[in-house]
Amino acid sequence: PARRYVDPELAALYEEPTFVKRRQEVAWKDERPNIKRAVVLGAPGGGKSFLTLTTAMELAWEARRALAAWRQPLEALYLPVSLRLVDLARPDLSRDPAEAIMQLLRDQYQLSARFEAWIRTRLTTDRCWLVLDALDEVDHAHHPSLEDRLRAIETQG
């Protein structure tokens, strides 16, 4: 039944050969606190989007619990921002990546001025997790400014 949903030839491109010694596997929940950047690779339907979206949800829930229990100040809370890469590639967005992200968030949510100001202060900190999903949906030929925008995000931290 799985063959109906995944092209076996395409899936084979993402699989590790069985004769190669496997790298040590580490649980994502144990690895997540140690990373600054990750690229999640895998076959179509392999759970990449599920992993990234549940990670963003877990970070949001952690922040909410910490805030409710008065365990951390606002500055220490995680800010997960999950966007589809094709949306970030829109040519009508600002060239400044922080402003482009804010435009996308305003399009998606009704943000109070106070909450928007707080988000802006968090975007370039190590407490902000920018999750960009659906790389395969972006036709790079039609979105040449995306690479520049991603470089700017990298530069701004």
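This tour of a predicted model stops at an aromatic pair, a charge over a ring and a helix packing.

**Stop 1: the aromatic pair**

Select Phe 115 and Trp 118. These two residues make up the one aromatic pair in the structure. A pair of aromatic rings is described by the distance of the centres and the angle of the planes. Here the centres are 6.1 Å apart and the planes are 10 degrees from each other. The pair counts as stacked because the angle is under 30 degrees.

Now show helix H6, residues 113–122. Phe 115 and Trp 118 both belong to H6 and are three residues apart, so about one helical turn separates them.

Colour the two residues by accessibility. Is Trp 118 buried or exposed? Trp 118 has a relative accessible area of 19% and is buried, since the cut-off for buried is under 20%. Phe 115, at 38% relative accessibility, counts as partly exposed.

**Stop 2: a charge over a ring**

Select Tyr 78 and Arg 127. The charged end of Arg 127 sits over the Tyr 78 ring, at 4.0 Å from the ring centre.

**Stop 3: helices H5 and H7**

Show H5 (residues 97–108) together with H7 (residues 145–156). Their axes lie 9 Å apart and the packing angle is about 110 degrees, which means that H5 is roughly perpendicular to H7.

Which residues of H5 meet H7? On the H5 side, select Pro 97, Ala 98, Ala 100 and Ile 101. Their partners in H7 are Arg 149, Ala 152, Ile 153 and Gln 156. Coloured by residue class, this contact shows six nonpolar residues, one polar and one charged.

Note on methods:
Residues numbered from 1 in each chain as written. Predicted model: local features only at pLDDT ≥ 70, side-chain atom pairs only at ≥ 80, totals over all residues. Heavy atoms only, no water. Phe/Tyr/Trp six-rings, centres within 6.5 Å; stacked < 30°, edge-to-face > 60°. Helix = DSSP H or I, 4+ residues; strand = E, 2+ residues; numbered from the N terminus. Buried < 20%, exposed > 50% of the residue type's maximum accessible area, 1.4 Å probe, protein only. Lys NZ or Arg CZ within 6 Å of the ring centre and 35° of its normal. Axes fitted to C-alpha atoms, helices over the stretch in contact; angles between N-to-C directions. Parallel < 35°, antiparallel > 145°, perpendicular 65-115°, else oblique. Contact = heavy atoms within 4.5 Å. Nonpolar A, V, L, I, M, F, W, Y, C, P; charged D, E, K, R; others polar.
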